Amino acid sequence: MQLDKTSPSGTGTPATRTLGVLVIASLIALSLFGLVFSAEDVVQGSTVRIMYVHVPSIWVAYMAFAFTAISSAVYLTAKNRSLGWDRFAGASAEIGVLFVAISLVTGSLWGRLTWGTYWVWDARLTSTAFLFITYIGYLAVRRLGGTHRQRARRSGVLALLAVLEIPLVHFSVRVWRSLHQEASVADKGTDVELDGLMLFSLFFGLVAFTLLFVWLVIHRQRTLWLEDAYADKGLDAAIVARREEAGV
Amino acid sequence: MEHASFIIGSWVLTAVSVVVYAVFIVKRGRSLSQNASREEFPWT
Amino acid sequence: MQSVIELHGVVALLGRFPALAGVDLTVNRGEIVLLQGPNGAGKTSVLRVCAGLLPIERGTGHVLGIDLSTQREAIRSRVGLLGHTNGLYLDLTVSQNISFWASTVGANQAEVEAAMSLMRVDGRLATVKASQLSAGQRRRTALASLIVRRAEVWLLDEPHAGLDSAGRDELDSLLRTAVASGATVVLSSHESERASALASRSVVIDGGRAQ
Amino acid sequence: MSTHSVSRITVSLAVARKDLAIEWNSKILVNQVAPFSAIVMVLFAFALDNEGILQRVAPGLVWLATLFSMLVVIQRTFAVESADGALDALRVAGIDPSAIFFGKAIALMVQLFALELLLVATAVVLYGVEMSALGFLEVLVTLATATIGLGFVGTIYGGLASAVRGRETLLPLLLLPVVAPVLIGATRATEAAFESGGAKVSEGWPWISLLLMFAVIFGVVGSVAFGPLIDE
């Protein structure tokens with residue numbers, strides 16, 4: 001097939017390309033704000049700069065898992081059972097796993113500098129680790145095979161079970177042990193004191209990463225559509241082949 | 001900058017993993033879309 | 001005549017493989033329909049679709065007026081399927097197996113014993129573990145479990161396999177009795193002469209379609 | 001024609017009785033799983049070669065050994081269903097999936113409870129654990145509530161993992177994160193009951209309420225979620 005070089009190919013559209021440019025620009029701006037313009041923290045010094053990637057990463061991860069849960073619920077309850085919702089759930093969970101991994105690593109680097117240790121057994125860290133493992137399991141179930149509908153129903157139920165599991169784990173770990181600093185922006189007066197520009201950088205980071213998430217989830221969902229469509233194409237051919245088995 | 005290796009390391013790690021993942025998605029989308037005609041895509 | 005099973009262009013998948021590639025099949029009440037065809041032609045899958053076990057990917061299907069695409073679960077209690085496997089618990093005895101299936105439909109002990117003696121798995125065999133039975137004895141145990149379920153549609157995959165000739169005669173007369181009392185039977189069999197004599201009609205399944 | 005007068009409870013109990021009869025006939029739990037659990041307890045003692053430590057961490061070891069043995073029991077309880085296509089037969093018999101769920105969960109609970117009693121006894125004998133009468137009562141209550149939760153959640157994920165043949169290896173990955181609250185709650189409650197590390201018996205009861213909450217939640221959810229998970 002001759003590809004028309006001027007016409008766009010793949011999963012992009014003019015809208016997503018605009019979004020992509022916006023994402024790249026805002027991420028470059030974020031690194032300038034985070035690494036150059038914003039001041040050092042009075043207590044933590046320059047190590048606070050890790051915050052500008054760590055906090056937005058975990059923000060994206062939470063958002064992604066919430067979106068997975070919502071999409072799964074919509075898939076399971078909607079009358080038409082559109083597989084698009086299932087693909088959104090899968091795309092979102094995959095992105096969530098990536099960002100939870102990023103935030104665990106950057107978080108432990110940050111922890112090494114501020115607490116002197118890579119890991120502490122506090123409620124938030126521990127339940128984040130559980131989140132990571134749980135959604136790795138979710139992605140494994142998505143790959144179990146079978147028809148698209150089987151995959152969608154199984155993983156949809158599993159995503160809703162995870163919504164139940166995570167608060168239970170968090171609650172029990174919290175009662176078990178809690179040493180972690182409270183979320184520093186929500187509760188003033190803890191060890192990070194953010195001035196205006198630092199606060200701006202942080203919120204800018206949240207916005208930039210949210211845009212990044214939107215871009216990623218749209219494209220990932222589209223590649224999943226292509227994968228499903230490819231499998232269905234294979235099905236048409238397989239049905240023809242199956243019919244030709246007759247009388248052989 | 002104090003602890004530059006940790007800080008730069010965090011940023012580089014984040015950037016690299018996001019870029020690798022984004023490139024993977026785009027490449028996979030391009031190669032898979034060879035198998036379907038553009039009129040079928042729900043997004044075009 | 002009232003149709004009990006109606007399949008139109010049914011495609012069903014095993015994993016990604018289209019075991020059924022567009023089956024059209026109509027079965028009327030009181031019929032005994034024989035499915036014929038080579039191994040791997042899709043006979044088993046037709047029976048599993050009709051039992052509501054295998055979902056329909058494309059096409060439409062109704063069994064006893066119930067839509068197979070949307071209400072698969074509702075069909076199950078009204079059909080009885082004897083599959084390739086016997087559905088027995090190998091660590092339970094013959095009578096424990098049959099009693100278990102009986103208790104799920106509320107059949108009483110008398111019905112259990114009647115089914116066991118009809119299928120000749122009573123007496124000494126009753127207390128033998130299913131894992132120690134011969135293939136034919138397992139088949140008969142599975143048939144006895146099916147009898148106590150009192151299904152409206154009987155879907156039998158190779159019911160004659162493993163039975164001796166007396167067992168086959170008993171099975172045939174059992175099926176005739178069931179049909180006489182209002183049931184419908186679809187079966188596959190390699191005993192084509194015997195099955196053709198029993199069946200009111202036969203359908204050839206090949207290449208995932210009814211020919 | 002088929003009768004539908006059989007109540008869900010009757011069917012659940014029939015399924016549970018059937019699973020327990022299978023165990024009674026095959027003695028897998030007694031002859032294979034129980035010795036496995038015991039050897040795990042012995043191996044813990046080798047790994048933590050210090051009597052003081054053993055006594056201190058005995059509650060955690062009891063529950064870790066329970067979780068590992070549970071994986072084996074769950075795999076067994078679904079292997080008997082798939083060995084000769086019985087799960088298909090259950091589904092085609094039109095049996096309410098929630099009845100299968102409760103039946104299998106009850107049978108699993110009975111087996112787990114027996115196993116846990118054995119593990120506690122092993123801890124008393126091998127690790128030198130001592131209990132007051134009230135502590136013993138607390139242990140029993142802990143075992144009961146934790147077992148109910150484990151039975152429910154184990155049946156949910158066991159059913160999912162067994163739905164796809166040859167992928168039973170998925171079970172530990174899916175199940176172990178979910179049972180973390182049980183491990184935490186049951187270990188703390190048992191610590192209180194054993195009075196290990198200076199804990200008091202009275203400190204255990206709040207943890208038992210956590211276990212109870214877990215059991216109720218997964219009992220309700222499992223009765224709804226089990227059907228879609230085991231279906232094709």
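Okay, let's start with one side chain: Arg49(A), whose side chain reaches the backbone oxygen of Gly34(A) at 2.9 Å. Just so everyone knows, we're looking at a predicted model today. Arg49(A) sits in the loop between α1 and α2 (51-77) of chain A. And is that arginine buried or exposed? Arg49(A) comes out at 5% relative accessibility, and the cut-off for buried is under 20%, so Arg49(A) counts as buried.

Staying in chain A for a moment, let's talk rings. Over all chains, the structure has 19 aromatic pairs. The one I picked is Phe33(A) with Phe204(A): the ring centres are 5.7 Å apart and the planes make an angle of 55°, so we call this pair tilted. What I like here is where the two partners come from. Phe33(A) belongs to helix α1 (residues 14-37) of chain A and Phe204(A) to helix α6 (residues 196-244) of chain A, so to speak a link between distant parts of the chain, with 171 residues separating them. Phe33(A) has a relative accessible area of 19%, so it's on the buried side of the 20% line. The pair also has company: ring pairs join Phe33(A), Phe37(A), Phe200(A) and Phe204(A) into a cluster.

Right, on to chain B. Chain B has 1 helix and 0 strands. Its C-alpha atoms fill a box of roughly 55 × 15 × 10 Å along the principal axes. Of the 44 residues in chain B, 34% are buried.

So which two chains share the most contacts? There are 4 pairs of chains that touch, and the pair with the most contacts is A and B. On the chain B side, 29 residues are in contact, and they meet 45 residues of chain A. The two chains bury about 3400 Å² between them, with carbon and sulfur atoms giving 74% of that. Three residues stand out on the chain B side: Trp11(B), Tyr21(B) and Trp43(B) supply 25% of the area that chain B buries against chain A, more than any other three residues.

How about charges and polar groups? Between chain B and chain A we count 1 salt bridge. That's Arg28(B) with Glu227(A), side chain to side chain, at 2.5 Å from N to O. There are also 3 residue pairs in polar contact between these chains, counting pairs with both residues at pLDDT 80 or more. If you sort the chain B side of this interface by class, you get 16 nonpolar, 8 polar and 5 charged residues.

And what does chain B leave alone? Chain B doesn't touch chain C, where the nearest C-alpha atoms are 18 Å apart. Chain B doesn't touch chain D either, and there the nearest C-alpha atoms are 24 Å apart.

Now swing round to the other interface I wanted to show, chain D against chain A. Here 26 residues of chain D are in contact with 24 residues of chain A. About 2300 Å² is buried between them, and 81% of that is on carbon and sulfur atoms. In chain D, the residues losing the most area to chain A are Leu173(D), Pro177(D) and Ile184(D), together 18% of what that side buries.

How many salt bridges are there between chain D and chain A? The count is 0. For residue pairs in polar contact, with both at pLDDT 80 or more, the count across this interface is 0 as well. As for where the chain D side comes from, the elements giving two or more residues are α6 (133-163), α7 (170-178), α8 (180-194) and α9 (205-230) of chain D. The largest share is from α9(D), with 10 residues. By class, that side has 22 nonpolar residues, no polar ones and 4 charged ones.

Last stop, a couple of backbone oddities. Most residues other than glycine have a negative phi. Arg120(C) isn't a glycine, yet its phi is positive, about 55°. You'll find Arg120(C) in the loop between α4 (109-118) and α5 (135-149) of chain C, and at 33% relative accessibility it counts as partly exposed. Then there's Lys27(D), not a glycine either, with a positive phi of about 55°. Lys27(D) is in the loop between α1 (8-26) and α2 (28-47) of chain D. With a relative accessibility of 32%, Lys27(D) counts as partly exposed.

That's my tour, thanks.

Definitions and conventions:
Residues numbered from 1 in each chain as written. Chains lettered and ligands numbered in written order. Predicted model: local features only at pLDDT ≥ 70, side-chain atom pairs only at ≥ 80, totals over all residues. Heavy atoms only, no water. Contact = heavy atoms within 4.5 Å. Buried area = accessible area lost by both parts, 1.4 Å probe. Salt bridge = Lys/Arg side-chain N within 4 Å of Asp/Glu carboxyl O. Polar contact = N/O pair within 3.5 Å; in protein donor to acceptor, adjacent residues only side chain to side chain. Nonpolar A, V, L, I, M, F, W, Y, C, P; charged D, E, K, R; others polar. Phe/Tyr/Trp six-rings, centres within 6.5 Å; stacked < 30°, edge-to-face > 60°. Helix = DSSP H or I, 4+ residues; strand = E, 2+ residues; numbered from the N terminus. Buried < 20%, exposed > 50% of the residue type's maximum accessible area, 1.4 Å probe, protein only.
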